[in-house]
Amino acid sequence: MGREDAVGTIFRLHFFCSIGIARTSVVRGRHLSIGCLHWMAKTVTITPSTMTADSKEIIVSVVIAAVGILLWYLKNEYGEKRTKLSNGQVLVRPARLPFLGAAWGLSPDNFIEVFAEFYRKYGDLVEIYLGPQRVIVITDVEICKEVLNLRPKIFRRTRSFEYPAQQLGYDHSLFFSNGNQWNMARRLTAPSFNKENVANQIENIWDMAQRWAENIKATSSGSVIDFRFVALEFTLGVITKIVCGVDRDRQQDSYFNKPLFVKDFQLTFTFFMESIMFPISKFFWRLSPWHYGKYEVPAVEGDQRFIQACSELIDEHKKKIFAQTSVSDSAAANTTLLGTMLKKAERDQISDNDVVSNAKLFFLAGSETTSIGICFAMYYLALHPDIRDKVREESDRFAALMQDYSQQSTSDDAEGTAKKSSTDLYEMVFTQLPWSEAVFKECIRLQPPASFLAITLESETSSYTLSNGLTIGPKDELSILLENALHCSDDNYDDAALFKPERWLDPDPAKRQKAELNFVAFGGGPRVCPGMKLAMIEGILAVTALVQHLDWTLACDPSEIKRVLLFSSTPNKMPLRITGRVNK
Ligand code: HEM
């Protein structure tokens, strides 16, 4: 074949390719195909022998081919795509921007709304891209549960937590560990949250809730306060007391009582969020003054202070538990979560580092989440005074019962009468405060503090196919939206979008059971929130004490309250005008 023959063959190949591609292009091929046909008519007579390799025509051919290929590629890669799975469900991939996908414009402020929109627009299985990262957004109840139950063997928490968790020493803690490390952490921490240990804390929590509500009444009456910080003060106080036995509001000189502690704690959240939202290589992260200098360095410094304070408490606790000091000292240390973990760690030869890592985690996982639930209880009760009256009735009765209980405790020795056990007290909270419980539960159903879970495959090399036929690749991420389908779908709850605490008190047991079955504010499967009993007790007692002592109104339009992502899904503000209770 001579040179001209070869050029002619290439020429024709280009030519037919461009026609074929143009046909399937995004502009439905019409315009390009017409152009190509016209061009073909002009050139079809060219044969290798007559051809002069007109470079102009070759360039036109190449440009048409390139445009055709580009349009075909854009349509297939970036246009909306629907894939039918083996069980008939449809996985929708919405149209997306090249390179950025859905990441464009996504920020902690609009994250929850953007993800909720995927569910509303495309249904409960959506495939999106955040840059090159494939993310499957799952809101289908059954598939959510299937994935959560397949942990820790098949699935694990997202790897994007690894870097900040390592930098701040959380990598051995329950929430951030995976595989065998997670098994060990769960064994270490689980006893801290059993019913008996939580029941032992009820008197303390009630006492703290009373002091807290009275203090708000004394200091804020008549003024507008942002309740987010007030609620966080309470939950941090409870965690500090039950993790390490320190009363934040009474021990003035403790690190845990200083504003610096709350600041250090918030730096941790911000570093986690920034690191997750900007998944750039850690090499570039460390070079970037906006990221490394602004978020990581201050968070690590704050963490050092936190570790120092925790280590001092651990030393104190160890002395009390193991060094044969007074029985009352030892008993006090035994009832803290730190004490429970230290004893378990001693038996199982677990290092102090692991104990500190988990103690720190309890502050992180257990304070903001519960405070969000309390904030929303204030929000909804401000909008529903009829429900607040119901809570108030039971709160007055409960306060009287608690007074009897503590009097009984102090007079026990003298009279020799049997004191109610702490587990009786636990039952009493749920039987005497059904409306407070229903309100708190309804708040975390409608506004779940942990609104989504980021999960990925444990294996970094092989894929896994779920029961609906959806194949998850080793590099894919799953975003389990706990709230949308589970909490906002009318299939699962009647009037799902409305605040109706009475649904939890429905006289029909089948309806109550259905509501419970779909309630996943605390996650599910083997990694379900271990702090849920504690969180429920805290939330119920806080709501009860607030209603018992205060009246309040919302000091802004209800629609101004949105949720933003700060590790948990937290309200952007919660301005309340507080007054002392009027009709006491
Ligand atoms: C209203 C309050 C709370 C909510 C809504 C909440 C919600 C959650 C959720 C959704 C998870 C993830 C579960 C999963 O992966 O399936 C979780 C995990 C966890 N929570 Fe909570 N939580 C709350 C309070 C607490 C409290 C008070 C503590 C302890 C002090 C706590 C400690 C933890 C820990 C340690 C984990 C990790 C469990 C694991 O990975 O095995 N949480 N929580």
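This report describes a sheet, a hairpin, two helix pairs and the surroundings of a ligand in a predicted model.

**The three-stranded sheet**

Strands of a sheet pair through backbone hydrogen bonds, and the pairing may be parallel or antiparallel. In this model, three strands form an open sheet in the order β6-β14-β11, and their pairing is antiparallel. Strands β6 (224-226) and β11 (550-554) are the edges of the sheet; each has a single partner strand, so one side of each is left without a neighbour in the sheet. From one strand to the next, the twist averages 40°.

The two pairings within this sheet can be followed residue by residue. β11 is joined to β14 (residues 575-580) in the antiparallel sense over five bridges. Within this pairing, L550 stands opposite G580 of β14, and L554 has L576 of β14 as its bridge partner. On the other side of the pairing scheme, β6 and β14 run antiparallel and are joined by three bridges. Here I225 stands opposite L576 in β14. L576 is thus named both as the residue opposite I225 and as the bridge partner of L554.

A helix accompanies the sheet. Helix α10 (residues 227-244) lies across β6 and β14, and its direction makes an angle of about 60° with β6.

**The hairpin of β3 and β4**

A further antiparallel pair is made by β3 (residues 125-130) and β4 (residues 133-138), which are connected over six bridges. One of the pairs is Y129 with its bridge partner R134 in β4. The two strands form a hairpin with two residues between them, and G131 in the turn has a positive phi of about 65°.

**Two helix pairs**

The packing of two helices is described by the angle between their axes and the distance between the axes. The table gives these values for two pairs.

| Helix pair | Angle between axes | Distance between axes | Handedness of crossing |
|---|---|---|---|
| α15 and α16 | about 155° | 10 Å | right-handed |
| α17 and α23 | about 35° | 10 Å | right-handed |

Helix α15 (residues 337-348) packs against α16 at about 155°. Angles over 145 degrees count as roughly antiparallel, and α15 and α16 are therefore roughly antiparallel to each other. L337, L338, M341, L342 and A345 of α15 meet D354, V355, N358, A359 and F362 of α16 in this contact. By class, these residues are eight nonpolar, one polar and one charged.

For the second pair, α17 and α23 pack at about 35°. The contact involves T369, T370, G373, I374, A377 and M378 of α17, together with A535, E538, G539, A542, V543 and L546 of α23. Seven nonpolar, four polar and one charged residues make up this contact.

**The shell around the ligand**

There are 27 residues around the ligand, of which G366, T369, G523, C529 and G531 come nearest. Three elements give two or more residues to this shell: α16 (352-366), α17 (368-383) and α23 (532-549). The greatest share is that of α16, with four residues. The shell consists of 17 nonpolar, eight polar and two charged residues.

The helix pairs and the ligand shell have elements and residues in common. T369 belongs to the α17 side of the contact with α23 and is also among the residues that come nearest to the ligand. Helix α16, which packs against α15, gives the most residues to the shell.

Terms used: Residues are numbered from 1 along each chain as its sequence is written. This is a predicted model: local features need pLDDT of at least 70, side-chain atom pairs count only at pLDDT 80 or more; totals for chains, interfaces and linings use all residues. Two strands pair if DSSP finds at least two bridges between them. Axes are lines fitted to C-alpha atoms, for helices over the stretch in contact, and angles run from 0 to 180 degrees between N-to-C directions. Two residues are in contact if their C-beta atoms, placed from the backbone, lie within 7 Å. A residue is near a molecule or strand if its C-beta atom, placed from the backbone, lies within 6 Å of it. Ala, Val, Leu, Ile, Met, Phe, Trp, Tyr, Cys and Pro count as nonpolar, Asp, Glu, Lys and Arg as charged, and the others, Gly among them, as polar. Angles under 35 degrees count as roughly parallel, over 145 as roughly antiparallel, 65 to 115 as roughly perpendicular and the rest as oblique. A crossing is left-handed if the near helix is turned anticlockwise from the far one by less than a right angle, and right-handed if clockwise.
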